[in-house]
Every structure is written in C-alpha cells, then in structure tokens.
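Let's take a walk through this fold together, step by step. Please keep the structure open in your viewer as you read.

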Amino acid sequence: MGLADLHIHSVYSDGTATVEAILVHASAKSGLDVIAITDHDTLEGALKARELAAHFRVDVVPGMEISTNEGHLLALFLEKPVEPGLSFIETAQQVRRYGGLPFAPHPLSRLAPSIGAHRLRALVREHPKLLAGLEAENGALLYLGENAAAQRLRWDLGLAAIGGSDAHVLNEIGTAATLFAGNTSADLRRALERGEVTPLPAQRDARYIRRQLKHFALRYGLRIIQAAEGLLEEEPRLRWKRLDD
Ligand SMILES: [Zn+2]
Ligand SMILES: [Zn+2]
C-alpha cells in the first residue's frame, strides 16, 4: 500500500516552501510515496515539481486548486491549466477534457471557499460521473467535524474520498493523506479511477486508522483489509508516525 498527500501548496501560490524544499522534505521526512502540488490557480509549480521528481524518492502528481465561482475545485493529474472563475461544473468538465481528475476539496468548510453539501448533492445527481470524488480528510481545517461530515456525505453520495494536508508550510505535509494499492503515481491514478482509496487523517492512533481501513474493506473486500492490516503490523505506526517530526 502507498501513501499520498494530494493537496500541497508551494510558493507558486500562497505556500511558503519552494517546490525543491517540498520534494526534499517529502522524500526525506514524510514517508509519503506520492505528493500532489496543487497551487491556487496555477499549474506552474506542479509541472516544475514533476520535472524534478526523477531526482527524488517521492513521485509527483501535477495538480491545481482552481477558484471556481462556487468555491475551490481540486484537480489532480492535470496537464494544462484551467482558468479560474468558471462555474464548478464547467471547471470540472474542463479538467476532464485535459485528462485530469476533479475533486471537491474541503466540501463542507465554512472558512475555505467550498461547494457545500446542497450543491454537491445536486451536482452528483445531474452529473453522476463528473467528479472523481471529494476530499474527506483535509489536514488544515479548523473544525475537524467538517471532515467527519464530509465522510458521511461521501458515503451518502457514493463518492470516492481522498485525504490531503492542504499544507502551506513544510511541516504540515502529510497531516492527512490517501492510502492506495501500489506506490507510484500510475498506481494512484488507477486506484482513484476505481474509487479504491481511503483518506487517512494524521496524528491519530493506529486503532483509528485500523477502523478507517475496516470501512474501506467493507466496501472493497477482505483482500484489501488483510493487506492493510499486514501493513500496520509489519510497520507499526508505519511511516505515518514519522510525519510528526
Ligand atoms: Zn481550498
Ligand atoms: Zn488548498
């Protein structure tokens, strides 16, 4: 199983770390296998990070957090920038056209511009295949209850769910992550397309993680829970605990 942080900001938008520093930190300290650089309304830093990724242990997914006129949209595996200011649906369609996967980040946040439960329900009803999922664990939320509510909404709507730190400084990287089968960005893409990923909050105990994994297993079968439990036992506190240092 691999771990990915799918929501990281760099100096290309309002983050404080350069993409080089993010690559060094994520490779040496985080234990993550894959990171996505997702700056506000620019793809530049993400493409640069991917260019440099060959020199680092972590794999890189280019992404972008696009400001739609209905809140943020998180695009992963994006190859061309999408302009801000369009509707959420138009933005998601453009992301799909460019080969990317559109997600609703922090969908229920009261502080970050977000689509909200009502709009998200309508959108999924009208365009069931458009969104690749929602972000059910965001590491930067002030109210953790908003993650719990996003989890409930995700099950309700039958959407895949991801986790990302929404890091704006280096040591926030990995404060939430996405668990997937494999360890490369190609494995991650496959897992995201099948919805076979599970969002993990950081700085919780192994019991909590195990419970999350069981939810995941209920949905996708026993084979995965055995692999996941194996991971916990072989690498207790796994690479996960190292995220704190
Ligand atoms: Zn945001
Ligand atoms: Zn963000």
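What follows is a short tour of the sheet, the helices around it and one residue in a helix. Please bear in mind that this is a predicted model.

A good place to begin is the sheet. It is an open one, built from 9 strands in the order β7-β6-β5-β4-β3-β2-β1-β8-β9, with mixed pairing. At its edges you will find β7 (161–164) and β9 (197–201), each of which pairs on one side only. Averaged over the sheet and ignoring direction, neighbouring strands are turned by 30° against each other.

Two of the pairings show what "mixed" looks like here. Strand β1 (2–8) and strand β2 (34–40) run parallel and are joined by 3 bridges; in this pair, D5 stands opposite I35 of β2. Strands β3 (residues 59–68) and β4 (residues 71–76), in contrast, run antiparallel, with 6 bridges between them, and here S67 faces H72 of β4. As a general point, strands of a sheet pair through backbone hydrogen bonds, in either a parallel or an antiparallel way. While you are looking at β2, note how covered it is: 6 of its 7 residues are buried.

Now turn to the helices that meet the sheet. Helix α6 (residues 185–194) lies across β1, β2, β3, β5 (101–104), β8 (176–180) and β9, and runs at about 50° to β3.

Next comes a contact between two helices. The axes of α1 (residues 19–30) and α2 (residues 44–52) come within 9 Å and cross at roughly 50°. The two helices are therefore oblique to each other, and their crossing is right-handed. On the α1 side the contact is made by V19, E20, I22 and L23, while α2 contributes G45, K48, A49 and L52. By character, these residues divide into 5 nonpolar, 1 polar and 2 charged.

Finally, let's zoom in on V95, a residue of helix α3 (residues 88–97). Is V95 buried or exposed? It counts as buried because it has 27 C-beta neighbours inside 10 Å, where 20 or more are needed. Setting aside neighbours within four places in sequence, V95 is in contact with A75, L78, V82, G100 and P102. Of these, A75 falls within the residue range of β4, and P102 within that of β5. Looking further along the chain, V95 and L131 are 36 residues apart, and their C-alpha atoms are separated by 9.9 Å.

Note on methods: Residues are numbered from 1 along each chain as its sequence is written. Chains are lettered from A and ligands numbered from 1 in the order in which they are written. This is a predicted model: local features need pLDDT of at least 70, side-chain atom pairs count only at pLDDT 80 or more; totals for chains, interfaces and linings use all residues. Axes are lines fitted to C-alpha atoms, for helices over the stretch in contact, and angles run from 0 to 180 degrees between N-to-C directions. Helices (H or I, at least four residues) and strands (E, at least two) are DSSP runs, numbered from the N terminus. Angles under 35 degrees count as roughly parallel, over 145 as roughly antiparallel, 65 to 115 as roughly perpendicular and the rest as oblique. A crossing is left-handed if the near helix is turned anticlockwise from the far one by less than a right angle, and right-handed if clockwise. Two residues are in contact if their C-beta atoms, placed from the backbone, lie within 7 Å. Ala, Val, Leu, Ile, Met, Phe, Trp, Tyr, Cys and Pro count as nonpolar, Asp, Glu, Lys and Arg as charged, and the others, Gly among them, as polar. Two strands pair if DSSP finds at least two bridges between them. A residue is buried if 20 or more other C-beta atoms lie within 10 Å of its own, exposed if 12 or fewer, and partly exposed in between; C-beta atoms are placed from the backbone.
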